[in-house]
Amino acid sequence: MSVAFTREEDLEATAADLVDRPISPHPNHVTPEGLAMIEAELAAARAAYTKAQTEGSIETDRTAMARATRDLRYWSARRASAQLLETTLDGRVRFGGSVTIEREDGRTQTWRIVGEDEADPAKGSVSHVSPLARALMGKREGDEATVAGQSVEIVAVD
């Protein structure tokens, strides 16, 4: 059948069948900033859900309702499972702290180890369950670790 003869409602219904966002099996450790971000996302999801309910009928805008419902389920689950961890600075690489590494080629990089939802490598933060974080956790300044098959030295822990 030609696309020209496809009913618009059918396309809308297909778009509305969004799969749920996957929930990580790992503990949902969060920093205070991460908890605030989850709460802001949950509030935004609630607002989007309310807006989708009030601004249009489900029949006319199923995609908006499906997105809002999916996001509300995800952020509600993440808020319910959030475990706030305070940063303890004891000279070791820890959750919520920062670590600076020097690679074999001389490059230095600084990373903050945070929760999964707040991780953003482009902004210098990685998830506590990432291979990088797992390789560095518990180490001290001057220690070496293997990251992506290469040796790195820990040059600072904050």
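Start by selecting Val99: setting aside neighbours within four places in sequence, Val99 touches Val93, Gln109, Thr110, Trp111, Leu136, Ile154 and Ala156. Keep in mind as you click around that this is a predicted model.

**Widen out to the core.** Val99 belongs to the largest nonpolar core, which has 14 residues. Colour Val93, Val99, Ile101, Leu132, Leu136 and Ile154, the ones that touch the most other members. Strands S3 (98–103) and S4 (108–114), helix H4 (131–136), and strands S6 and S7 each give two or more residues to this core. A second core of nine residues lies apart from it, and Val30, Ile38, Trp75 and Ala82 are among its members. As background, nonpolar side chains tend to be buried together in soluble globular proteins.

**Next, go to the hairpin.** Select residues 144–147, which are strand S6, and then 150–157, strand S7. The two pair in the antiparallel sense over four bridges, with Val147 partnered by Gln150. Two residues sit between the strands, and Ala148 in the turn has a positive phi of about 55°. Which residues of S6 are on the covered face, and which on the uncovered one? Ala145 and Val147 are covered, while Glu144 and Thr146 are uncovered. Side chains alternate between the two faces of the sheet in a regular strand.

**Now the charged pairs.** There are eight salt bridges to find in the structure. Show Arg79 and Glu39 as sticks: their closest N and O atoms are 3.0 Å apart. Arg79 is in helix H3 (residues 62–81) and Glu39 in helix H2 (residues 32–55), with 40 residues separating them along the chain. Both ends are partly exposed, Arg79 at 30% relative accessible area and Glu39 at 38%.

Move to Arg78, whose side chain meets Asp117 in a salt bridge (2.7 Å, N to O). Asp117 is in the loop between S4 and strand S5 (125–127) and Arg78 is in helix H3, so this pair ties together parts 39 residues apart in sequence. Is Arg78 buried or exposed? Arg78 is buried, with a relative accessible area of 2%. Add Glu116 to the selection, and you have a salt-bridge network of Arg78, Glu116 and Asp117.

For a contrast, try Asp105 and Arg107, joined by a salt bridge at 2.9 Å, N to O. Here Asp105 counts as exposed at 53% relative accessibility, and Arg107 is partly exposed at 42%.

**Last stop: confidence.** Colour by pLDDT; the chain mean is 88, and 85% of residues reach 70 or more. Residues 8–13 stay under 50 throughout.

Key:
Residues are numbered from 1 along each chain as its sequence is written. This is a predicted model: local features need pLDDT of at least 70, side-chain atom pairs count only at pLDDT 80 or more; totals for chains, interfaces and linings use all residues. Side-chain values use heavy atoms; hydrogens and water are left out. pLDDT is the predictor's confidence in each residue, from 0 to 100. Contact means heavy atoms within 4.5 Å. Buried means under 20% relative accessible area, exposed over 50%, partly exposed in between (1.4 Å probe, protein chains only). Two strands pair if DSSP finds at least two bridges between them. A nonpolar core is a set of buried Ala, Val, Leu, Ile, Met, Phe, Trp, Tyr and Cys residues joined through side-chain atoms within 4.5 Å. A salt bridge is a side-chain nitrogen of Lys or Arg within 4 Å of a carboxyl oxygen of Asp or Glu.
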